[in-house]
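Please look over the sequence and the structure shown here before reading on. The briefing that follows goes through the model topic by topic.

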Amino acid sequence: MNAYFRIRFLFCRIAILLLFYFPVEAQPVLYTSIKGCVLDQQTQSPLSGATIILEGSNPLIGTVSDENGRFRLPGIPIGKKRIKVTYVGYLPFLSDDIILSSGKEATVTVYLKESAISAKEVEIRGDYHKYESLNKMATVSVRSFSVDETFRFAGSYNDPARMAQNFAGVTSGIDNRNDIIVRGNTPMGLQWRLDDMEIPNPNHFAAVGTTGGPVTILNDNLLTNSDFYSGAFPAQYGNALSGIFDMRMRIGNNEKREYWAGMGWNGLEIGTEGPFSKKSGASYLFSYRYSLLDLAKVAGIHLINIDPQYQDINFKFSIPTKKAGTFTITGIGGISYIQLFDSPKKQSEWMFSDRGEDLANGSNLGVLGIQHQIYPDHSLKIKTMIYLVSSLVYTRIDTFSINASTPSIWAGERSSETKVTGSFEILKKLNPKNSLNGGITYDHYFLDYADSAMWKGSFLKNTDSRENMDLIRGYTQWQNVRSSSFDFTAGIFGSILLMNHTWALEPRFGLNWNLSAKHRIDFGTGLYSQMQPRVIYFLLDKTPEGSLIQTNRNLNFTRDAQIALGYNFIPSENLRFKTEVYFQYLYDIPVKPSIPSFSLLNSGHEFFLDRQYSDSLINKGTGMNYGIELTMERFYHMNYYFLFTASLFDSRYKGYDGKERSTAFNVNYVLNAVGGYEFIMGKRKWGVMSVGLRATYAGGNPYLPFDVDASKASGESIYDWSRAYQSRFPDYKRLSLRFGIKRNLPGRNMEFVLDLQYRTNYTNVYLQRIDPKTGEIKEFFQMGFFPMGTWRVQF
């Protein structure tokens, strides 16, 4: 490990030297361009003739959008700029600070809201607010975020999931995973979406049924502004209980070819974007990453004892036509593999004192979608999409001991899921005050599960089947803007699982009420449901006669009812105070009669989904989450930003015995503080130096203790279910420091960032394992001091 840190610090020194090697005395004033498009906020149809002005320019710099809504402002000096966009009949738009760098054109997508006020009404609300979501059907428990925040926030590692862990109501599971735990819910309740495609776990080293992992497959260089929902989401979203991560991939530059390269936590990376031809308007966007540690190993450099191997691609092709609308092809793919072997180690480094484990794990993911979008007229949008999602997870665990030194298989798994989806959506703006949209989605799954583990001297099959499954979903929703100060959204979502005819019909309602220009009330409520992790339906259990049957095949959806109320105080355009209270009642949760304290609600934040206790379930469990969230946020402006959040909540559940207990995610409180400042270097803005800080303090996770005596007697790991989640790990503390330097040069820019993760002198426990032979309980700890450097060049 010492060699690993030495290499990293050497890498840091080399990167800084590269940044400062080039002289600045004779460096000319550097220029770039701002380009983008202007769209209607509801239909996303292009707005031709909108006026775009560079704020503060003298002489005035401006242009108008063309017939496709596109615009371009060339010859803009680098630095911080803002644009203002106006269009007759629409509210004006003032952008955030746009950071202009050499070697990279800035792209801005502007969504204008049609004014709904009459001549007799007084307009309370004018310009666009940074806190508003991209989806205007959302009313509460939603936050829009920019990709810049994933690179700017300390400790985010350019990972949107780790960045979202700063938001109110969100906690993380363990440091080496990016699980998103929302308001005390299982992370399995989160739904990942990419360009309107519902996708599985988008992380390397993923496990079936989980939503997190150590390294993201999503590349933040290709993403654009997106929405994160922490509850009470509108009717267009379903099959989720806790939250929605609605990611968007940007469209590549259709006028100029650009490139980038980098290396850091997520690996060695190259990327490019540009036009297929300047006449057609079609563009491509592509990136490829390879594990930096594995690349070092190939070069004969062994930095640490483990070798995580992974690589991924992200791409998007956009092909507009004159009359047939726009076609887009979006895809991501990732493969990963790791070996965690005790057998080459000294006995003192084994998992336990007298025995060890050799674990090999791999996971693959592929997503490919084709989307067609057309606007028959300015008020109507029709979108059709077909996409394919495929994932594979394979694992083998061998064990050995002092007496049996040759590793022998103890458990293995090979599980694959493939989904083919078709969807159709239509949105109609009836008039400036009323919009109606709806859609239908059909999912067909091809499932192949096989896994078994040693149990009391013989192999026990958990799954062994090839299956098909079909899920149909549909929704409709209506938004009414009563005035410039009040609007509401009402809708209904429905779904049916054809395999066992489980169905749901879920009404949703939300509203926004602007009391004044600085005060706003948000509200949302509705019913929600989610199918079980697909592998759960096909788990096997042994009958008294000795045969194996699928006991979960007829499980119902897990369901809940949510209500959220928020208050926003906006003293200025860059500062916001927000408080939100919520209540969530969950029911039809799978529980197990033979283990009365078991609930599936407590699963999902590990590197595997436990099958041993998840068979023979019935939908008799309940749960309850309630709390209050506080946010004080200074959006990036005048070189600095900050975000302070506090979450106080209680998360409880009832198993088959009806006794109320804390869930595994009931940490009760979370305090987050993140902020930073950027120093502009030189009169000609040849560089930027930035510093950032993040601090987290949270309650300890409740855990399920081992029954030491029963484990020693049986020779297997046995939990003490009578004391489920009564004990807690100590409170969690973390401090992260970020230091960055960006250098602008003619035709290119280079950037170096160093993240220092430090858990003070306090070591956080995240996992326990027991040796059934000796009763020894071994604790595993979160990461301590951990430096991480990232270097990137754009040209």
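Which element of the protein chain has the lowest mean pLDDT, and which has the highest? This is a predicted model, and among the elements of its chain helix α1 (residues 2–20) has the lowest mean pLDDT, at 56, while strand β31 (residues 519–530) has the highest, at 98.

**Confidence of the prediction**

- Taken over the protein chain, the average pLDDT is 89, and 92% of the residues score at least 70.
- Over residues 119–127 the pLDDT stays under 50, and for this stretch the model has 24 contacts beyond four places in sequence.

**Salt bridges between buried side chains**

- A search of the whole structure finds 45 salt bridges, and a few of them are described in the points below.
- In one salt bridge, the side chains of E258 and K104 meet with 3.1 Å from N to O; E258 belongs to strand β19 (residues 258–264), whereas K104 sits in the loop between β8 (98–100) and β9 (106–112), so that the pair links distant parts of the chain, 154 residues apart.
- E258 counts as buried because its relative accessible area is 2%, under the cut-off of 20%, and K104, with a relative accessible area of 19%, is buried by that cut-off too.
- The side chains of R143 and E633 also meet in a salt bridge, with 2.0 Å from N to O; because R143 lies in strand β10 (residues 142–145) and E633 in strand β37 (residues 618–637), this pair ties together parts that are 490 residues apart in sequence.
- R143 is buried, with a relative accessible area of 9%, and its partner E633 is buried as well, with a relative accessible area of 2%.
- Another salt bridge is formed by the side chains of R289 and D312, at 3.0 Å from N to O; this pair links distant parts of the chain, with R289 in strand β21 (residues 283–290) and D312 in strand β22 (residues 309–320), 23 residues apart.
- Both R289 and D312 are buried.
- Elsewhere in the list of salt bridges, shared partners join D196, D246, R248, K383 and E425 into one network.

**Nonpolar cores**

- The largest nonpolar core has 53 residues, and of these M469, I536 and Y537 touch the most other members.
- Several strands each supply at least two residues of this core, namely β27 (434–455), β28 (458–483), β35 (575–592), β36 (595–599) and β38 (640–654).
- If its neighbours within four places in sequence are left aside, M469 is in contact with a number of residues, including D443, H444, Y445, L447, L497, M499 and Y537.
- Apart from this largest core lies another core, of 35 residues, and among them are L218, L223, W260 and I332.

**A sheet of three strands**

- One open sheet consists of three strands in the order β4-β1-β9, and their pairing is mixed.
- At the edges of this sheet are β4 (70–77) and β9, each of which pairs on one side only.
- On average, neighbouring strands of the sheet are turned by 25° against each other when direction is ignored.
- Strand β1 (residues 31–40) and β9 run parallel and are joined by seven bridges, and G36 stands opposite V108 in β9.

How values were computed: Residues numbered from 1 in each chain as written. Predicted model: local features only at pLDDT ≥ 70, side-chain atom pairs only at ≥ 80, totals over all residues. Heavy atoms only, no water. Salt bridge = Lys/Arg side-chain N within 4 Å of Asp/Glu carboxyl O. Helix = DSSP H or I, 4+ residues; strand = E, 2+ residues; numbered from the N terminus. Buried < 20%, exposed > 50% of the residue type's maximum accessible area, 1.4 Å probe, protein only. pLDDT = per-residue confidence, 0-100. Contact = heavy atoms within 4.5 Å. Core = buried A, V, L, I, M, F, W, Y, C linked by side-chain atoms within 4.5 Å. Pairing = 2+ DSSP bridges. Axes fitted to C-alpha atoms, helices over the stretch in contact; angles between N-to-C directions.
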